[in-house]
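Biologist: Please give me a close look at the ligand site in this model. Then follow the chain outward and show me how its surroundings are packed.

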Amino acid sequence: RQVVFSGIQPTGVPHLGNYLGALRQWVKLQDEAAPESTLLYSVVDLHAITVAQDPARLRQWRKEMFASLIAVGLDPKRSIIFCQSAVPAHSELMWILSCTASIGYLSRMTQWKSKLALPDNVSPLDESSKAKLRLGLFSYPVLQAADVLVHRATHVPVGEDQSQHLEFARNCANAFNHTSGKILVPPETILSPAKRVMSLTQPQLKMSKSHKNPKSRILISDSRDEITKKIKSALTDSISSITYDPQQRPGVSNLIEILYHLDAAEVRSCHELAHDYKDLSMRAFKEKVADSIDERLSSIRDKYESVMHDANTHWLSDMNEEGSRRARASADATMALVREAVGL
Ligand code: AQP
């Protein structure tokens, strides 16, 4: 039986990278899943507090994230949509997994280094890291492993930035099963074709909700005008003609990739797509990209607005409560076996 799990941090309205790299895949899995399969999608607020957050803003972001999940097409009747902090078993399993997780393995993860802007070869025990590194940020992959394993998920759709964490989750499951019997399920990664959508202003970085420059990302709630402005100001180059070359022309190649993932049915590759537009000026090409983004996002944006309006009538919190109740039932079934195996 297929059990799909994935999560997203409530750190702002999702952007085009979250949508193409993850949320679109979540909806596809939901729409194509066999009736007996279970789908769990979580707003992972415990992950969001690995960096400092303002409590009122975090609460607002959580609401916006639930509205976004409905806006992109998730159906709370079919998928279990819930808030991570409403299911304490995630934290309990994290503790149990932490008792055997290797610090050496966690040290090699890149996320804590990139969040703290530290070089890739740094160790958590270096003076430069010790001053900045918090335990929660360092052990984040253990909580992420618990998120997946506590529901015995078989498949986890994520963007490329999360694949090393999934490898770690499989490692945790195998280590646990080795000593305690076959209880946890090592999950398979489902990598979206849009592995890494890059920032519009610094195309060497991935598009990110928490990057300080709002022009670096397109939000799923952006108006046509905002989309056009952001794409117009996206960093490209002054070479005439449109070509796909991610090494030499990262800015324009990112726009080609975005277009490719939006219109994938029509062309076979990014090179082929670039060839179709080779004679356009950069300005005209950017207009085409903005039009395609707007065409895809317009119905999502409308739905988002209407759900946020409905949120005042407690519809979103009722949905969250029902999702959390179903998620607790799923997690508690695993935890009964885990506690028994560990001797608790
Ligand atoms: N730029 C991206 N391209 C493709 N996929 C992406 N994802 C994130 N950024 C891109 C995928 O979106 C899902 C949810 O991510 P998350 O919110 O849990 O954490 P994140 O990867 O840290 O995303 P952000 O937007 O960069 O958030 P902040 O700024 O808060 O850290 C994941 O499946 C991720 O792979």
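**The ligand shell and the packing beyond it**

Modeller: The ligand is surrounded by 20 residues. The closest are Thr-11, Gly-17, Gly-21, Gly-159 and Ser-210. Bear in mind that this is a predicted model. By class, the shell holds 10 polar residues, 6 nonpolar and 4 charged.

Which elements build this shell? Strand 1, residues 3–8, and helix 1, residues 16–32, each give at least two residues to the shell around the ligand. Helix 1 has the largest share, with 4 residues.

Now step back to the domains. The domain assignment splits the chain in two. Domain 1 covers 3–197 plus 314–342, and domain 2 covers 221–307. Their C-alpha centres lie 30 Å apart. The contact takes 11 residues from domain 1 and 8 from domain 2. On the side of domain 1 that touches domain 2, helix 1 and helix 3 are the elements that give two or more residues. So helix 1 appears again: it supplies residues to the ligand shell and also to this domain contact. Helix 3 gives the most to that side of domain 1, namely 5 residues. By class, that side has 10 nonpolar residues, 1 polar and no charged.

Helix 3 deserves a closer look. It spans residues 55–72 and packs against helix 13, residues 282–310. The two axes are 8 Å apart, at an angle of about 135°. That angle is neither within 65 to 115 degrees nor over 145, so helix 3 and helix 13 count as oblique. Helix 3 passes helix 13 in a right-handed crossing. From helix 3, the contact takes Ala-67, Ser-68, Ile-70, Ala-71 and Val-72. From helix 13, it takes Ile-300, Lys-303, Tyr-304, Val-307 and Met-308. These residues divide into 8 nonpolar, 1 polar and 1 charged.

Helix 3 has another partner. It packs with helix 14, residues 315–342, at about 80°, and the axes are 10 Å apart. An angle of 65 to 115 degrees counts as roughly perpendicular, so that is how helix 3 and helix 14 are described. Lys-63, Phe-66 and Ala-67 of helix 3 meet Leu-316, Met-319 and Asn-320 of helix 14. By class, this contact has 4 nonpolar residues, 1 polar and 1 charged. Ala-67 takes part here, and Ala-67 is also listed in the contact with helix 13.

One more helix pair rounds off the picture. Helix 8, residues 135–149, packs with helix 9, residues 163–180. The axes are 9 Å apart and the angle is about 70°. This value falls within 65 to 115 degrees, so helix 8 and helix 9 are roughly perpendicular. Helix 8 passes helix 9 in a right-handed crossing. Helix 8 brings Pro-141, Gln-144, Ala-145, Val-148 and Leu-149 to the contact. Helix 9 brings His-165, Phe-168, Ala-169, Cys-172 and Ala-173. The residues divide into 8 nonpolar, 2 polar and no charged.

To recap: helix 1 leads the ligand shell with 4 residues, while helix 3 leads the side of domain 1 that touches domain 2 with 5 residues.

Technical notes
Residues numbered from 1 in each chain as written. Predicted model: local features only at pLDDT ≥ 70, side-chain atom pairs only at ≥ 80, totals over all residues. Near = placed C-beta within 6 Å. Nonpolar A, V, L, I, M, F, W, Y, C, P; charged D, E, K, R; others polar. Axes fitted to C-alpha atoms, helices over the stretch in contact; angles between N-to-C directions. Parallel < 35°, antiparallel > 145°, perpendicular 65-115°, else oblique. Left-handed = near helix turned anticlockwise from the far one by under 90°. Contact = placed C-beta atoms within 7 Å. Domains from an automatic or database assignment.
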